[in-house]
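Let's take a friendly walk through the places where these chains meet. Please have the structure open as you read.

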Amino acid sequence: MYMKKIQRWLLLLSLLPLAAAAQQRDTLPPTPAEEEDFSEYENLGFADEAAKRYCNPKILDLSPNRFVSLGWDWQLPYQAEFSPLGAFEDGESPSPAETADFRSSQGLRLSANIPVISRNSFVWQMGANFWNINYGGKVQTENQNAARLADRLLSRGLRTAGINTTIFKPLGEKQFLLLQGAADLNGDYTLADFQSLQYLRYSGAVIWGKRPHDRLQWGVGLARTYRVGELNYLPVVLYNWTAPNRKWGTEILFPARAHVRRTFNPRSLLLAGYELEGQSYRINNLSDEDQSLEIRRGELRARLEYQRQLGGFIWMALQVGYRYNYSFNADYLPNDGQEFFRGFFGDQRYAMLNTLTNALYVNLSVNLVSP
Amino acid sequence: MKKFTLLTLLALFFATFLSAQSESDQLIGVWEPSNGKARVKIEKIADKYYGKIVWLREPIDPVTNAPKVDKNNPDESMRAVPLKGYRMLKDFVFKGSGEWADGTIYDPENGSTYSCVIKLKDDNTLDIRGYVGVKALGRTDVWKRLGAKK
Amino acid sequence: MKRFFQHTALFLLIFAAVSCGKVSTLEFKPAPVTLTAEGPLFEGSNTAQGVLMNAELEAMLAKGGYRGAAIKSARLVSAQIFTEADTLTLDNLSEITLQLAAPDVDMQKVAVLNPVPAGSKSAALQVAGEQEKIAKLLLQPALTLVADVNLKQDAEATLAVKCQLVFEINVKD
């Protein structure tokens with residue numbers, strides 16, 4: 001239904017310039033074919049000698065970029081245990097104050113990515129995204145110290161809304177610089193009870209890379225990320241490659257995601273791999289006290305993703321996979337929401353240590369893809 | 001005097017016509033897309049502009065060891081069309097102010113056809129914008145004019 | 001109210017049946033068009049062109065009591081190229097791609113032959129499975145046949161090959 005509407009809308013828009021341009025013209029006799037020496041094209045140079053060639057941002061057969069994506073993410077049943085509020089060292093196992101049987105956690109995932117400047121020598125994209133997670137299930141309170149976080153999840157869910165930007169700057173024909181930045185507002189807020197922008201969480205990456213030929217680009221860099229739930233600084237490796245037979249390839253931005261790609265034809269492909277997904281979600285005024293927590297949600301999604309063209313520039317993507325919980329712990333961040341860095345080796349204590357069992361998940365999206 | 005006015009008007013008319021004609025034909029020539037993989041000759045047929053691939057950096061398909069063909073065409077019956085000589089720019093109409101529109105660009109790498117508008121930035125540079133539905137949803141490739149090496 | 005809907009539905013059905021009319025399929029086989037590319041020609045991609053005038057189609061339709069407006073759809077069903085002179089073959093052509101063009105309609109690729117069989121004087125092109133706007137093209141005052149041919153070697157003389165097209169046309173009675 002949506003598909004048809006989008007297609008009709010696009011068709012209508014694409015016809016507008018044609019309609020405006022309809023003009024009467026006389027039929028012309030065909031122009032005589034010019035004599036053409038094919039070998040002459042071999043020895044041509046730029047007419048403007050100062051002109052340069054630049055490295056392309058893509059390689060052959062990469063899964064298509066998405067201008068607009070409308071999807072639904074659905075995790076199948078799993079259990080969760082929540083500790084009471086306290087100060088716990090990593091690795092401790094406090095007895096649960098709340099347990100929950102989540103029937104599902106699911107929600108809309110909407111994103112848009114629009115090129116602002118798209119030239120050979122500079123590409124700048126701006127994007128926006130909105131993700132929603134609604135929890136369904138039953139909660140059991142084990143003792144009176146429970147923070148009632150599970151109740152809050154059931155009643156309000158979690159959401160992420162953010163903007164992001166990507167800049168691709170070729171450094172000549174073979175090298176490039178890739179800059180990414182994002183600002184996200186994450187929490188259990190609603191439109192009526194919106195969250196202060198002071199809790200925006202910023203992430204970004206800088207990658208320097210090379211593109212030796214049309215089937216390979218690689219790069220190394222550094223990322224500030226929330227993909228493991230809490231703030232972290234990680235080295236990143238980009239490795240996008242397509243085999244000479246154009247059937248196989250990789251799409252890797254390690255550690256955020258890594259996939260092996262099987263291309264069936266230019267209109268359908270399969271990805272197998274994983275993605276780290278996470279954010280730090282602000283939960284204001286939890287329980288009776290003025291406790292303001294941030295849930296450090298980080299998970300690894302091992303998955304198969306099938307992408308295929310539905311028609312024109314509308315593609316669908318179906319992910320089926322297993323969601324491993326990495327973290328659902330919570331930190332107590334005082335009211336100004338001042339972030340801190342724990343990394344892998346920090347010894348700051350957690351306000352809650354929570355565990356989720358792993359779950360199967362499905363994600364279906366319809367996407368408008370880019371040229 | 002009347003004759004003089006008529007002649008002046010006629011001369012003005014032809015001058016305007018000729019300059020419009022030469023402006024629209026500035027698109028004609030051999031151009032190189034940013035990826036440098038092909039060279040495209042733009043010519044005029046029946047009042048519209050068409051661009052065909054006249055040179056390929058890698059003319060032989062490494063898998064088949066034969067000259068490259070349009071193997072990604074969604075229409076299976078047209079997959080034998082050779083890429084050398086392929087018309088990848090079609091049906092461009094001159095709109096004035098250095099712009100040609102209403103045309104399409106075909107990407108042989110994935111068999112997709114996009115709406116396209118061409119802008120002449122300077123004598124030797126074209127902005128080729130392929131887009132999906134609306135111009136905002138597109139990508140611009142800068143093509144450079146080729147000429148005999150000096 | 002129910003009766004009103006029943007009557008409306010019946011009326012719409014009858015209206016649809018009457019307005020659709022019967023559709024007949026005609027074969028349109030115009031006289032062969034000469035495709036020419038002026039010599040001298042060089043090895044590689046060249047373009048040969050020819051024109052098919054709409055008058056021929058109009059005459060055929062008039063004979064059957066139809067007018068151009070009656071055409072509902074059309075498709076190219078066969079395309080054949082051949083040489084007229086006894087001494088000439090299609091040997092210098094390695095491939096040929098045939099397109100139809102007119103000022104007010106987008107160019108349509110309609111047939112391809114790759115490779116052109118060696119030693120032949122005539123060859124049938126593979127006709128496109130997906131065809132669009134053929135009826136609209138046929139209704140233009142003149143239809144330009146654009147043949148992109150790859151030549152195996154340079155040729156001094158003008159290239160001239162004949163092209164026989166056959167269309168299937170659906171017309172409303």
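Two strands count as paired when DSSP finds at least two bridges between them. In this predicted model, S1(A) and strand S8 (residues 134-148) of chain B are joined by 3 bridges and run antiparallel. Within that pairing, A:Phe46 stands opposite B:Leu146 in S8(B).

The strand pairing belongs to a wider meeting of chains A and B. That contact draws on 37 residues from chain A and 41 residues from chain B. On the chain A side, the elements giving two or more residues are helix H1 (2-21), strand S1 (44-46) and strand S4 (98-119). Which of them gives the most? H1(A) does, with 6 residues.

Chain A itself has 2 helices and 17 strands. Of its 371 residues, 38% count as buried. If you look at contacts in chain A between residues at least 6 apart in sequence, 63% of them join residues at least 24 apart.

Now turn to chain C. Here 21 residues of chain C are in contact with 20 residues of chain B. Strands S3 (44-53), S5 (93-102), S6 (105-113), S8 (126-127) and S9 (142-151) of chain C are the elements that give two or more residues to this side.

The table sets out the residue classes on the two sides that touch chain B.

| Side | Nonpolar | Polar | Charged |
|---|---|---|---|
| Chain A, touching chain B | 23 residues | 9 residues | 5 residues |
| Chain C, touching chain B | 8 residues | 8 residues | 5 residues |

Note on methods. Residues numbered from 1 in each chain as written. Chains lettered and ligands numbered in written order. Predicted model: local features only at pLDDT ≥ 70, side-chain atom pairs only at ≥ 80, totals over all residues. Contact = placed C-beta atoms within 7 Å. Helix = DSSP H or I, 4+ residues; strand = E, 2+ residues; numbered from the N terminus. Nonpolar A, V, L, I, M, F, W, Y, C, P; charged D, E, K, R; others polar. Buried ≥ 20, exposed ≤ 12 C-beta atoms within 10 Å, placed from the backbone.
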